[in-house]
Amino acid sequence: MTAKTYPITGIQTPVPLRQEVNVWVKENPEQVELFKLAFTEFQKMSYEDKLSYFRVAGIHGLPKEPWDEPKRSKNGYYCEHGTTLFPTWHRPYMLLFEQRIHEIMIDLINSGKQPSSDGNPDTDREYLLGLANSWRLPYWDWGVKNPKVPEIFKSEPLNTFKTPRPMSDYGITLSPYSNAKATSRRPDNTHDQAFINGVQNNDKVDAAFHDHPEVTDKVYRLLSQDYCSDYNSFATMSRGSATDATGTSKTKDVKTDWESLESVHGMAHGLIGGSGHMGQVPVAAFDPIFWFHHCYIDRLFAIWQSLNPDEWFATDDNDSKKPLTPFHEDKRGTLFDSDKVEDWTKYRYTYPELQKWLPKYVVDGKFSEEEYIKDIRRQVDQLYKVTESEELPVPWHGEGRQARFNHDYVVNVEYERFALGGHPFTVLILINGKVVGQIYNFTAPPSETGCTNCEDQERARIISVGQVAITTPLLLALHSDISSLHAFEPDAVGSWLKAEGHLTWKVVKLDGQVVQPHEIPSLRVWVVNAERSQVHESQPFVFRNHQVLFEATGVIRGHIIA
């Protein structure tokens with residue numbers, strides 16, 4: 001008899017919200033305690049059980065074990081990074097986690113392991129079932145200005161995941177994580193006893209986000225009107241193959257479509273994890289914070305879908321029908337595909353900004369999509385728009401002020417995704433010697449993971465792209481009394497950036513080692529300018545008419561070696 005597959009259906013109760021985690025903790029203290037109990041039980045389950053935390057987390061990478069399928073497809077390593085399936089593959093993955101927590105909550109309540117609060121088991125049980133059925137996975141909004149690691153992630157059971165023996169005993173073969181017996185966040189050292197026992201430097205996570213305020217602007221741009229021209233550009237950093245040596249960019253356009261959901265997501269992985277588990281694809285999902293981070297990525301995906309209701313996979317490919325292995329929608333082995341998860345609400349959840357049923361969206365007795373989209377953009381503005389006073393803290397009055405704020409400048413970067421054999425690295429962009437942004441290449445070496453998707457991308461020499469906005473540091477340079485930048489028009493900015501030392505970049509490995517230029521010859525850097533406009537300061541920014549100022553590689557000796 002063929003074994004039945006685990007059906008991922010979502011929690012089939014009315015559609016509550018997935019709340020921001022800080023709001024959820026504040027408003028639902030009893031539900032939080034029920035969740036903690038369930039999560040603790042989840043972590044304790046036998047690693048042989050496919051529905052255990054260990055096995056569910058392992059779907060994202062190591063160990064190379066088949067999950068819910070009779071044969072090991074994809075070598076038991078189900079990664080969908082670097083493809084257009086990146087957003088959609090993670091959607092049923094989050095549903096699986098959410099559903100498992102709910103099932104354990106129900107089991108705890110039915111077994112009486114959840115303590116009674118009023119001494120009446122019957123009334124208490126109904127109340128607790130109500131808490132369980134209304135629970136949905138919260139998200140951590142690290143895209144807001146100056147985010148902090150929420151307190152709930154600093155104590156058990158959400159601060160770390162522990163194993164009884166070194167993780168190598170359970171199939172985690174990637175060094176140094178194979179030696180660890182607990183997950184770590186931004187450890188100082190990955191070769192000492194502290195790392196083996198687990199290090200949670202949450203203050204350093206806070207500092208990393210503080211040092212990279214551009215994260216907020218990246219989220220804002222990602223959700224801005226027409227910033228990503230289509231679904232494929234929004235979904236993934238990958239832009240085709242570099243299998244020839246002509247020196248021609250393989251991206252379709254060096255001006256636009258250089259920011260993506262995958263790129264923003266990867267940067268957060270790097271800032272949260274550092275050289276800890278969240279910074280490495282094969283082991284990231286073992287850190288409990290992973291699930292709240294990826295719930296946030298699903299929220300950004302859902303918001304973008306709502307703002308762009310006519311955008312989906314390119315019609316000239318069949319990617320939307322590709323199976324999202326190993327996730328099944330029923331007990332008969334029917335795999336999900338992207339078309340099946342396009343509408344997230346049928347899995348009984350949505351997000352605070354996406355409540356289509358609210359009366360304010362009814363115009364002349366009918367739902368108004370125009371009003372709905374307008375209100376979503378208003379909420380995105382409130383959360384992520386960098387205001388003029390934040391962009392330039394010193395008041396600026398006088399001639400040319402408005403014209404200067406209408407210009408926008410970005411640095412676009414492309415490189416081979418597996419240039420360093422798949423080891424992760426960071427591209428740092430510097431203005432006047434100061435880091436103003438970065439792109440984190442969130443990959444893992446196929447030689448150590450056996451990831452078939454990664455092997456295919458490495459053979460094809462897949463190109464990845466990323467973007468760093470430099471408008472704010474340029475405005476600060478323009479406003480500085482000691483800067484030689486005296487105008488904000490494209491010609492003036494281009495000339496200034498080409499001058500020695502004004503625009504530089506470097507590539508660093510996870511351990512901080514600087515990569516030599518000859519090790520990554522595929523790296524190319526462009527400076528692009530655009531018009532930035534808004535009808536009124538209360539309205540969203542619109543970015544248009546992008547033009548390449550110059551390609552910096554070959555013009556600037558910008559790659560810092562030491």
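pLDDT is the predictor's confidence in each residue, from 0 to 100. The structure treated in these exercises is a predicted model.

**Exercise 1. Confidence**

Task: State what average pLDDT the protein chain has, and find where the pLDDT falls below 50.

Solution.
1. The average over the protein chain is a pLDDT of 92, and 92% of the residues score at least 70.
2. The pLDDT is below 50 over residues 244-251.
3. In the model this stretch has 18 contacts beyond near neighbours in sequence.

**Exercise 2. The faces of α7**

Task: Sort residues of helix α7 into buried and exposed, and work out how the buried ones are arranged around the axis.

Solution.
1. Helix α7 spans residues 202-210, and its buried residues are Asn202, Val205, Asp206, Ala208 and Phe209.
2. These residues lie on the same side of α7 because they cover an arc of only 160° around the axis.
3. The spacing behind such a face is general: an α-helix has 3.6 residues a turn, so residues three or four places apart point the same way.
4. Asp203 and His210 are exposed, on the other side of α7.
5. The packing partners of the buried residues of α7 are α8 (214-223) and α10 (261-273).

**Exercise 3. The annotated segments**

Task: Take the spans that UniProt gives for "domain: Tyrosinase copper-binding" and describe their secondary structure.

Solution.
1. The UniProt record, an unreviewed entry, places this feature at residues 81-98 and 287-298.
2. Residues 81-98 are 72% helix and 0% strand, with 21 Å between the end C-alpha atoms.
3. Residues 287-298 are 83% helix and 0% strand, and here the end C-alpha atoms lie 18 Å apart.
4. His294 is placed in helix α11 (residues 289-307).
5. His294 counts as buried because its relative accessibility is 1%, the limit being under 20%.
6. Beyond its neighbours within four places in sequence, His294 is in contact with Phe86, His90, Met94, His265 and His269.

**Exercise 4. Nonpolar cores**

Task: Give the number of residues in the largest nonpolar core, name those with the most contacts inside it, and list the contacts of Tyr93.

Solution.
1. The largest nonpolar core has 130 residues.
2. Tyr93, Trp140, Trp142 and Trp291 have the most contacts inside this core.
3. Leaving aside neighbours within four places in sequence, Tyr93 is in contact with Val56, Ala57, Ile59, His60, Ala285, Phe290, Trp291 and Phe327.
4. Another core, of 36 residues, lies apart from the largest one; Phe405, Ala477, Val515 and Ile520 are among its residues.

**Exercise 5. Arg18**

Task: Decide whether Arg18 is buried or exposed, and identify the polar partners of its side chain.

Solution.
1. Arg18 is located in the segment before α1 (21-27).
2. Its relative accessible area is 0%, so Arg18 is buried.
3. One polar contact joins the side chain of Arg18 to the side chain of Glu98, at 3.0 Å.
4. Another polar contact, at 2.8 Å, joins the side chain of Arg18 to that of Tyr351.
5. Not counting residues up to four places away in sequence, the residues that Arg18 touches include Met94, Leu95, Arg136, Tyr139, Cys295, Asp298 and Pro352.

**Exercise 6. Ser263**

Task: Locate Ser263 and find what it contacts outside its own sequence neighbourhood.

Solution.
1. Ser263 belongs to helix α10.
2. Ser263 counts as buried because its relative accessibility is 3%.
3. Ser263 and Val465 are 202 residues apart along the chain, while their C-alpha atoms are separated by 8.1 Å.
4. Apart from neighbours within four places in sequence, Ser263 is in contact with Met237, Ile439 and Gly466.

**Exercise 7. Backbone geometry**

Task: Describe the peptide bonds from Leu62 to Pro63 and from Ser175 to Pro176, then examine phi at Asp68 and Asn432.

Solution.
1. The bond from Leu62 to Pro63 is cis, with omega near 0°; Pro63 is in the loop between α3 (53-58) and α4 (86-111).
2. The bond from Ser175 to Pro176 is also cis, with omega near 5°, and Pro176 sits in the loop between α5 (121-134) and α6 (193-197).
3. Asp68, in the loop between α3 and α4, has a positive phi near 55° and is not a glycine.
4. With 7% relative accessibility, Asp68 counts as buried.
5. Asn432, also not a glycine, has a positive phi of about 55°; this residue lies in the loop between β7 (425-431) and β8 (434-441).
6. Asn432 counts as partly exposed because its relative accessibility is 43%.

Terms used:
Residues are numbered from 1 along each chain as its sequence is written. This is a predicted model: local features need pLDDT of at least 70, side-chain atom pairs count only at pLDDT 80 or more; totals for chains, interfaces and linings use all residues. Side-chain values use heavy atoms; hydrogens and water are left out. Buried means under 20% relative accessible area, exposed over 50%, partly exposed in between (1.4 Å probe, protein chains only). Helices (H or I, at least four residues) and strands (E, at least two) are DSSP runs, numbered from the N terminus. The arc is that of the directions from the helix axis to the C-beta atoms. Contact means heavy atoms within 4.5 Å. UniProt positions are given in the numbering used here, feature names are shortened, and annotations may be inferred rather than shown by experiment. A nonpolar core is a set of buried Ala, Val, Leu, Ile, Met, Phe, Trp, Tyr and Cys residues joined through side-chain atoms within 4.5 Å. A polar contact is a pair of N or O atoms within 3.5 Å; within protein, one must be able to donate a hydrogen and the other to accept it, and residues adjacent in sequence count only if both atoms are side-chain atoms.
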